[in-house]
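Open your viewer and get ready to click along. Each stop on this tour tells you what to select and what you will find there.

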Amino acid sequence: MHILISDDGLFYHDLLVPALRQRAIRVTQAKSIRETYAQLAKGVFPDVILLDVDFSRSGEGSFAGLRAARDIREKFPEIGLLVWSQHNELRIALEVISIGQQGGRVGYVLKDKLEDVPQLLNYASTVQAGGISIDAELHGFSSRGGKLTPMQRKVVELISQGFTNKAIAAKLGMSVGAVEKHISAIRIAYGLPSAEDDPAVNIRVLIVLEYLSDTTSRSDPDPDEPNPDEPDAD
């Protein structure tokens with residue numbers, strides 16, 4: 001894997017570069033948005049850009065990374081974008097995920113919640129493979145999904161963390177077919193098109209976008225009570 005670290009904090013370069021290279025990761029460094037574009041102009045083509053939100057140290061602005069992420073996606077759609085930040089805000093995650101509506105390959109990670117380099121590489125691998133990945137520790141994340149049943153919310157939360165249908169099935173103790181039924185029910189609940197209706201959009205990204213916008217405003221039903229809205233496990 002080739003990662004371009006785009007961050008104006010020297011500490012993160014000093015910390016990450018040797019640790020990544022020890023794991024046979026090719027690393028390119030950029031300490032400003034300008035340097036990031038210069039690297040891309042030179043023909044550097046990483047699998048994933050680890051892109052900070054805040055470039056105030058370099059004088060480019062507190063949210064320059066978000067503007068750069070949208071621009072880079074338009075110009076280099078094949079490059080994965082793993083945005084990381086100290087801003088624990090849902091609105092930033094929404095902006096990041098919206099960038100991936102037509103291809104995925106986006107993620108939002110909280111710097112102070114990262115446990116180690118392997119966890120960061122898991123995020124990067126998910127993004128590189130075309131998935132999406134949102135830090136589960138994001139403030140307010142657990143209060144989303146008011147239109148969904150408790151099980152449907154669990155499914156979306158796992159989708160947002162980059163798990164495949166097979167992995168979700170294993171985690172929740174159900175069949176892959178049951179997971180697919182839940183996803184179909186979630187799509188219908190949010191009024192989203194099917195992949196057949198609009199093959200250009202990434203349905204998993206749209207589901208996560210709707211989930212992040214959908215505030216819980218009711219009490220959860222008793223988990224021990226059967227829910228007629230939930231599909232049966234196969």
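This tour goes from the sheet to the helices, then to some backbone angles and aromatic rings. Keep in mind throughout that the model is predicted.

**Stop 1: the sheet**

Switch to a cartoon view and colour the strands. How many strands form the open sheet, and in what order? There are six, and they run β2-β1-β3-β4-β5-β6 with parallel pairing. Look next at the edge strands, β2 and β6 (132-134), each of which pairs on one side only. As your eye moves from strand to strand, neighbours are turned against each other by 20° on average, direction ignored.

Now zoom in on β5 (106-110) and β6. These two strands run parallel and are joined by three bridges. To find a bridge yourself, select Tyr-108: its partner in β6 is Ile-134.

**Stop 2: a residue inside helix α4**

Ile-134 leads us to the next selection, because Ile-134 is among the residues that buried Ile-97 touches. Select Ile-97, which sits in helix α4 (residues 90-99). Is Ile-97 buried or exposed? Its relative accessible area is 0%, so Ile-97 is buried.

Which residues does Ile-97 touch, leaving aside those up to four places away in sequence? Show Val-106, Ile-134, Val-205, Val-208, Leu-209 and Leu-212 to see them. For a distance to try in the viewer, pick the C-alpha atoms of Ile-97 and His-87: these residues are ten apart along the chain, and the atoms are separated by 15 Å.

**Stop 3: two helices side by side**

Keep α4 on screen and add helix α3 (residues 64-75). Two packed helices are described by the angle between their axes and the distance between the axes. Here the axes come within 10 Å and cross at roughly 10°. Angles under 35 degrees count as roughly parallel, so α3 is roughly parallel to α4.

Show the side chains where the helices meet. From α3, select Leu-66, Ala-69, Arg-70 and Arg-73; from α4, select Ile-92, Glu-95, Val-96, Ser-98 and Ile-99. Colour them by type, and you will find five nonpolar, one polar and three charged residues in this contact.

**Stop 4: two backbone angles to check**

Most residues other than glycine have a negative phi. Select Ala-24, in the loop between α1 (10-22) and β2 (26-30). Ala-24 is not a glycine, yet it has a positive phi of about 65°. With a relative accessible area of 66%, Ala-24 is exposed.

Then move to Arg-105, in the loop between α4 and β5. Phi of Arg-105 is positive too, near 55°. Is Arg-105 buried or exposed? Its relative accessibility is 19%, and buried means under 20%, so Arg-105 counts as buried.

**Stop 5: aromatic rings**

How many aromatic pairs does the structure hold? There are three. Select Phe-11 and Tyr-12 to see one pair: the ring centres are 5.3 Å apart, with 75° between the planes, which is an edge-to-face arrangement.

Turn on a surface to compare the two partners. Phe-11 is exposed, with a relative accessible area of 54%, whereas Tyr-12, at 15%, counts as buried. Finally, add Trp-84 to your selection, and you have a cluster of Phe-11, Tyr-12 and Trp-84 linked by ring pairs.

Definitions and conventions: Residues numbered from 1 in each chain as written. Predicted model: local features only at pLDDT ≥ 70, side-chain atom pairs only at ≥ 80, totals over all residues. Heavy atoms only, no water. Helix = DSSP H or I, 4+ residues; strand = E, 2+ residues; numbered from the N terminus. Buried < 20%, exposed > 50% of the residue type's maximum accessible area, 1.4 Å probe, protein only. Contact = heavy atoms within 4.5 Å. Axes fitted to C-alpha atoms, helices over the stretch in contact; angles between N-to-C directions. Parallel < 35°, antiparallel > 145°, perpendicular 65-115°, else oblique. Nonpolar A, V, L, I, M, F, W, Y, C, P; charged D, E, K, R; others polar. Pairing = 2+ DSSP bridges. Phe/Tyr/Trp six-rings, centres within 6.5 Å; stacked < 30°, edge-to-face > 60°.
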